[in-house]
Amino acid sequence: MTTVLRMAVDVPLRRLFDYRCPSGVDAARLQPGQRLWVPFGRQRVAAVLVELASSSAIPEAKLRSATALIDETPVLDPSLLELLLWSAEYYRHPPGEVLSAALPGALRTGAAALETAEHWTLSAAARTGELPPLSPRAHKLRELVELLQRQDAADEAALGALSSRWRDHVRELEKRGWVRRLQVTPPAAPRVAVAASAGPEPTPEQRDAIAAIAAAAGRYAPFLLHGVTGSGKTEVYLRAIDAVVQRGQQALVLVPEISLTPQLVARFAARFAVPLAVLHSSLTDVERLRAWRAARSGEAPVVIGTRSAIFAPLANAGLIVVDEEHDASYKQQEGFRYSARDLALARAQRLSIPVVLGSATPSLESLERAQSGRATLLSLPGRTGGAKPPAIHLIDLRRHAATQGIATPTVLTIKRHLDAGGQVLLYLNRRGYAPTLFCPSCGWAAPCPRCDARLTVHRRDGRLHCHHCGTEQRIPELCPTCGDATKPVGQGTERIEETLASLFPDVALERIDRDAVRKRGALEAALDRVTSGEVRLLVGTQMLTKGHHFPDVSLVVVLNADQGLFGTDFRASERLAQSIVQVAGRAGRAERPGEVLIQTEYPEHPLLAQLISGGYDAFAAAALEERRSASWPPFARVAVLRAEAARSDVPMEFLERARETAIALAVRGVEILGPATAPMERRAGLHRAQLLLHASSHSPLQRLLARWIPAVEELPEARKVRWSIDVDPLELF
Ligand code: ADP
Ligand code: ZN
Ligand code: ZN
């Protein structure tokens, strides 16, 4: 009986591929999680062994052979492999792509998983004197052999000391049978499991949180750590991690993309005298592989990373922390659409370890988890040092004159704070100069040729940019329709910067958005200018709402709260409340209570009223009630089948067929809504539509998806569109 290898190949197909064992490899040596070279089409690719089977649906004569075994030890341990296969099922994504997402690029292309150092030693024949003697004139070769007679083996450094041409000599001796090469794995660096510095004495609330996490060691226990910015959440993580490291275990810390700054890493490094493995998206292949190896060997007891670090290999896991768990960057929005926050829970469960989700503005999912008893709530009620929460006021934009988007009372308040020596932060989630280039004579507004959207005016490069597809154009002098002069309408961060510069010409000003901090290190430099006090006025986008605390900021201005008030998405209000509370939380400290102004045309809107009277908790309680009565997540499960194509009718045709297919499967408990075109139907030249699946719980939805997606894949219409399935989508379109 032949052994059949079920392999995951990194291709967009929802299946595994069968191979025979490579010739010369004993099938008994094979374990799931090992990589092998396999022929695929005309290529040879590195694929991961998922399981060993005794038979295949492919006739034996047609079954191809794997070429060679790459790993002695699996690159994916059984628990991680199981999590990944489960994720592939849950998110209905091709298993080969899912497994690939968990591996550094270098390993996907066959690099060695273990760091090896080459050593050379004398061959058995050379040691027993069976070889013809070397010529007395071959001085260098003889020297080399003498060295290897004195010591068992020599490495690059030892041989390099002998001669700069040592590689040639070694090759010559190898050819003549005198020397052979050894691969030796270097020992892991010794671990220094001591705290480098102690940190502040925890408050009673912090102590309770730390104790609760420590008491859960060795079993699955999810915690929601809820506390405003500056309440000492990071201190709780550091103490909990310290306990884990002291026990000789590892902690995995996930942070949002934008918060993984050198400052954060420095704070961890200052605390622990142990190596950190840092994993994020802008590492080189070599850096990523090195960090992956350090996590896998256990050499790095603390592993910090962004979304995909949830797949970091861990030799001896003790704790997972997800900071700012509400952050949207934990959800991958393309390809394998997983939520690293949700997978953190799934992974902790498999590893039987505690997992801490922390946030000042927890997601409604996590709050519900805590309320229903499926997670333990740990609250940090106030700021450390007794700083008061900032006072929040609304500025009614309908009642007050505004200078380019800044109302007169706002200008006066900014002036008061600057005069008192404070810093002021203005938040506007719109980069560029103005969102529209408009012709007052005929009403023309510069459109994106590829999207159903307008182009944004940028002063930086004097061009029009589409924020949806990246299209760029020069700014037309005159209206292309009527020939009159055009003008920029509305405000972006560049224009606010300009307005502030003219209102407060003597005050140092910094703009922080994606355009301003494009270069590597530019964000850190700008943040340093803010924390050092050099900069007094600060304007920026979403970037400012995350990760940084500015103790000298005494006033925060939300320039336009209305962008999110009437969003079509069921999560629009949650996101708006989170960004307002997050940006408001950047302000103030003990000696300098903060003030927050929110500019709006809808001061009576219930969302704003709740935020002001009862803070995020009041908002969340009301929002959860709304979700419950409307039956939206977390009280229901949804999945979205999206489709796009250049021709406008094609996506809807495909989705109609997909809908019929779903109905024919007759799975009870799943509602099929749509198809409907996206609110912004055309993007980057493609027309977009979607079908929504809604179920009261997870299992009927998964039952349907398991049978439906394979059927959708087979639809003839599927070949005419780009389609994707998104389980637990963050946004509906
Ligand atoms: P968060 O992560 O909730 O924003 P941090 O842990 O960063 O809060 O704490 C905010 C600030 O308060 C930091 O400067 C931190 O060093 C300090 N801090 C935290 N806990 C304490 C404590 N128990 N005593 C004194 N200072 C503390
Ligand atoms: Zn015109
Ligand atoms: Zn566009």
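Let me start with ligand 1: 15 residues surround it, and the closest are Glu 201, Gln 206, Gly 230, Thr 234 and Arg 267. Keep in mind that this is a predicted model.

Now the polar atoms. A nitrogen of ligand 1 sits 2.8 Å from a polar backbone atom of Glu 201. Two more distances involve oxygen atoms of the ligand: 3.0 Å to a polar backbone atom of Glu 235, and 2.8 Å to an N or O atom in the side chain of Arg 267. On its own, ligand 1 has 560 Å² of accessible area, and the protein covers 69% of that.

What is the shell made of, by class? There are 8 polar, 4 charged and 3 nonpolar residues around ligand 1. Helix 9, residues 233-246, gives the most to this shell, with 3 residues.

Next, the empty space. Searching the whole structure turns up 2 cavities of 30 Å³ or more. The largest holds about 50 Å³. Helix 9 appears again here, giving the most to the lining of that cavity, with 3 residues. Among the lining residues are Ala 240, Ala 243, Val 244, Leu 319 and Pro 354. By class, this lining has 8 nonpolar residues, 1 charged and no polar.

The second largest cavity has a volume of about 30 Å³. Which helix supplies the largest share of its lining? That is helix 5, with 3 residues. Helix 5 (139-150) and helix 7 (166-175) each supply at least two. The lining includes Lys 140, Glu 143, Trp 166 and His 169. By class, the lining of this second cavity has 3 nonpolar, 2 polar and 2 charged residues.

How values were computed: Residues are numbered from 1 along each chain as its sequence is written. Chains are lettered from A and ligands numbered from 1 in the order in which they are written. This is a predicted model: local features need pLDDT of at least 70, side-chain atom pairs count only at pLDDT 80 or more; totals for chains, interfaces and linings use all residues. Side-chain values use heavy atoms; hydrogens and water are left out. A residue is near a molecule or strand if one of its heavy atoms lies within 4 Å of it. A polar contact is a pair of N or O atoms within 3.5 Å; within protein, one must be able to donate a hydrogen and the other to accept it, and residues adjacent in sequence count only if both atoms are side-chain atoms. Accessible areas come from the Shrake-Rupley method with a 1.4 Å probe; for residues, only the protein chains shown count as cover. Helices (H or I, at least four residues) and strands (E, at least two) are DSSP runs, numbered from the N terminus. Ala, Val, Leu, Ile, Met, Phe, Trp, Tyr, Cys and Pro count as nonpolar, Asp, Glu, Lys and Arg as charged, and the others, Gly among them, as polar. On a 1 Å grid over the protein atoms alone, a cavity is a set of points where a 1.4 Å probe fits but cannot get out, and a pocket is an open set with protein on both sides within 12 Å along at least five of seven lines; lining residues have an atom within 4 Å of a point. Grid points are joined across faces, edges and corners, and a volume is the space filled by probe spheres set on the points.
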